[in-house]
Amino acid sequence: MTDAETIARWVAPGSRVLDLGCGDGVLLKHLWQTRQAPGYGVEIDDANVVACIRNDVNVLQMDLEDGLAAFADRSFDYVILSETLQTIHRQEPLMQEMLRVGREAIVSFPNFGYWRARIQIALAGHMPVSKELPYQWYDTPNVHHCTLVDFEALCAKLDFKVLERLVLTDGSAVTTLPNLLGSLAVYRVSA
Amino acid sequence: MIVAPQKASFTEPLKLQSGAVLPEFEIAYETYGELNAARSNAVLVCHALNASHHVAGAYANEPENLGWWDNMVGPGKPLDTDRFFVIGNNYIGSCFGSTGPTSTNPATGKPWGADFPVVTVEDWVAAQARLADRLGIERFAAVMGGSLGAMQALQWALSFPQRVRNSIVIAATPRLSAQNIAFNEVARQAIMTDPDFHGGHYYDKGVVPRRGLRIARMIGHITYLSDDAMMEKFGRVLRRVTPGFDFDIDFEIESYLRHQGDKFSTYFDANTYLRITKALDYYDPAAQYGGDLSKAFARAQADFLVVSFTSDWRFSSARSREIVRALLDNRRVVSYLEIDAPQGHDAFLMDDARYFGALRAYFGNIAL
């Protein structure tokens, strides 16, 4: 299972979705084809924006760091942030914007508390490099890593309710010691 | 691609937004590609201030005279005329073939001159709809334009919601800012205070308010380019070895503006310039909805592609985002590109891989 498949399962058929950092638009295309969920993507990268148009996906070239002023309150059922949270400079206002614009937010991110990451820092003494984190520290687009514990603490601080959580490693669900054994986390939260 | 201009005449009067009536009119147009049997592949291209119906290709007797959007429109181009039937049209009030101030007023047998009514974007669209009827096009696959042409593409979606499947809106604004209007007013004042203007009745006096037109064009040109693009292109390069300490041309940019002004004043009509700038100033589809653009777009049914350029300070990206917001509020299908191009407003005419790639992809997904 991938986080995209998880997200598709969580999205109710026919609901309206906004995908922040939508890449080439494949998730939106998948949601339209499998859940008949119409949506828009927000993307900043030129090549990805053109790819979205080629994929016949609505895309808006905007910078997430500027907020979501283009979108009205409660105009979406789900606002999705798939493996993009760690690239954002200011998570807190964006999370608040997501739940202003959407009824629910779906957020996935690489778990920095995953044991392989911990070992690379603790024993090898270098920043983690893995399938989910394929970058060197000096060329990574990621700026704010977090663990499951950190993300849930932020949700608590913002008064957001965690409705659902799925933790994955190599495509399989992890239920035991997720913050240690899970490499990717997917959350569904509401205000 | 060898093309030929055509004309369509309309004898049923056209009631204008101002209340004036145009008793009869002609529209100059060109077509590229073939209308398919289902008549579902027609694309209307709308031009901006100084262009015309000559969008693409060249005339047999003028092989150098390429259409103003020839890089965008043609066989294998982003708007592919092997697939689409493309129509370039000249709006009324212009001076390139459609009825305008230089045309003969049927009531007097003389050129309309100052008596030609002020026309608006809405009037242009109404006239274009007559052309569509004439060509047997019930519904356009797309209406497309940049700058003032983009206003027509927007207005099509509002005036005739059922007749437009896609509205492609490039380097646009939903309304001019006070600064935009200010530049237009300076241009108009330059023309109207030229002693050769004669209140707009200069045709029979054998003169043209050339000085005014030159200055109007110079002002326009400044607003079409970004500060960076102008600096890059001209810098502070001198035309002579040392500064002259007089008022002849010192800098390259002065030479460029004078050249552009001179050229423009030989082919463009002053009465047309006044009217086009007024059409720009008046355009504001939100006005009748208390300034609420979202309400104005409630009637739109088209899908939209909106494109802006980050260095465009004449119609900035913020203006295009207002359009996008209004479309989102109405749950329209819309994509928005904000191209980081350096040229300023004129970027909409330039070949750019991202911009052209997106247009090509967008047109490719329009089912016929």
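**Entry 1: a pair in chain B**

I began with B:R240, which is partly exposed at a relative accessible area of 24%. The model is predicted, and I keep that in mind throughout. I looked for an acidic partner and found B:D246: the two side chains form a salt bridge, 2.3 Å from N to O. B:D246 is partly exposed too, with 34% relative accessibility.

I then went to B:K295. Its side chain meets that of B:D292 in a salt bridge, with N to O at 3.9 Å. The cut-off for a salt bridge is 4 Å, so this pair still counts. B:D292 comes out as partly exposed, at 28% relative accessibility.

**Entry 2: salt bridges over all chains**

How many salt bridges does the structure hold? I noted 29 over all chains.

In chain A I picked out A:E92 and A:K157. They form a salt bridge whose closest N and O atoms are 2.9 Å apart. Which parts does the pair tie together? A:E92 sits in helix α4 (residues 91–101) of chain A, and A:K157 sits in helix α6 (residues 148–157) of that chain, so the bridge links parts that lie 65 residues apart in sequence.

I checked accessibility on both sides. A:E92 is partly exposed, at 30% relative accessible area. A:K157 has 58% relative accessibility; exposed means over 50%, so A:K157 counts as exposed.

I also wrote down a network in chain A. Salt bridges link A:D77, A:R103, A:E104, A:E164 and A:R188.

**Entry 3: chain B as a whole**

I turned to the fold of chain B. I listed ten helices and 14 strands.

Next I looked at overall dimensions. Along the principal axes, the C-alpha atoms of chain B fill a box of roughly 65 × 50 × 50 Å. Does the radius of gyration of chain B agree or disagree with that of a compact globule? For 368 residues, the globule would have a value near 21 Å; chain B has 20 Å, which agrees.

I looked up burial as well. Of the 368 residues in chain B, 56% are buried.

Then I went through the contacts. I took those in chain B between residues at least 6 apart in sequence. Of these, 71% join residues at least 24 apart.

**Entry 4: the largest pocket**

I moved on to pockets. The largest one has a volume of about 910 Å³. Its lining holds 35 residues. Which of them lie nearest the centre? I noted B:N50, B:A51, B:W68, B:R217 and B:L349.

I asked which elements give two or more residues to this lining. They are α4 (210–224), α5 (227–234) and α6 (252–267), all of chain B. The largest share comes from α6(B), with five residues.

I sorted the lining by residue class. It divides into 18 nonpolar, eleven polar and six charged residues.

**Entry 5: one serine in α6**

My last stop was B:S255, which is placed in helix α6 of chain B. Is B:S255 buried or exposed? Its relative accessible area is 13%; buried means under 20%, so B:S255 is buried.

I listed the contacts of B:S255, leaving out residues up to four places away in sequence. B:S255 touches B:R239 and B:I249.

Conventions: Residues numbered from 1 in each chain as written. Chains lettered and ligands numbered in written order. Predicted model: local features only at pLDDT ≥ 70, side-chain atom pairs only at ≥ 80, totals over all residues. Heavy atoms only, no water. Helix = DSSP H or I, 4+ residues; strand = E, 2+ residues; numbered from the N terminus. Buried < 20%, exposed > 50% of the residue type's maximum accessible area, 1.4 Å probe, protein only. 1 Å grid on protein atoms, 1.4 Å probe; cavity = no way out; pocket = protein on both sides within 12 Å on 5 of 7 lines; lining within 4 Å. Points joined across faces, edges and corners; volume = space filled by probe spheres on them. Nonpolar A, V, L, I, M, F, W, Y, C, P; charged D, E, K, R; others polar. Rg over C-alpha atoms; globule rule 2.2 N^0.38 Å. Contact = heavy atoms within 4.5 Å.
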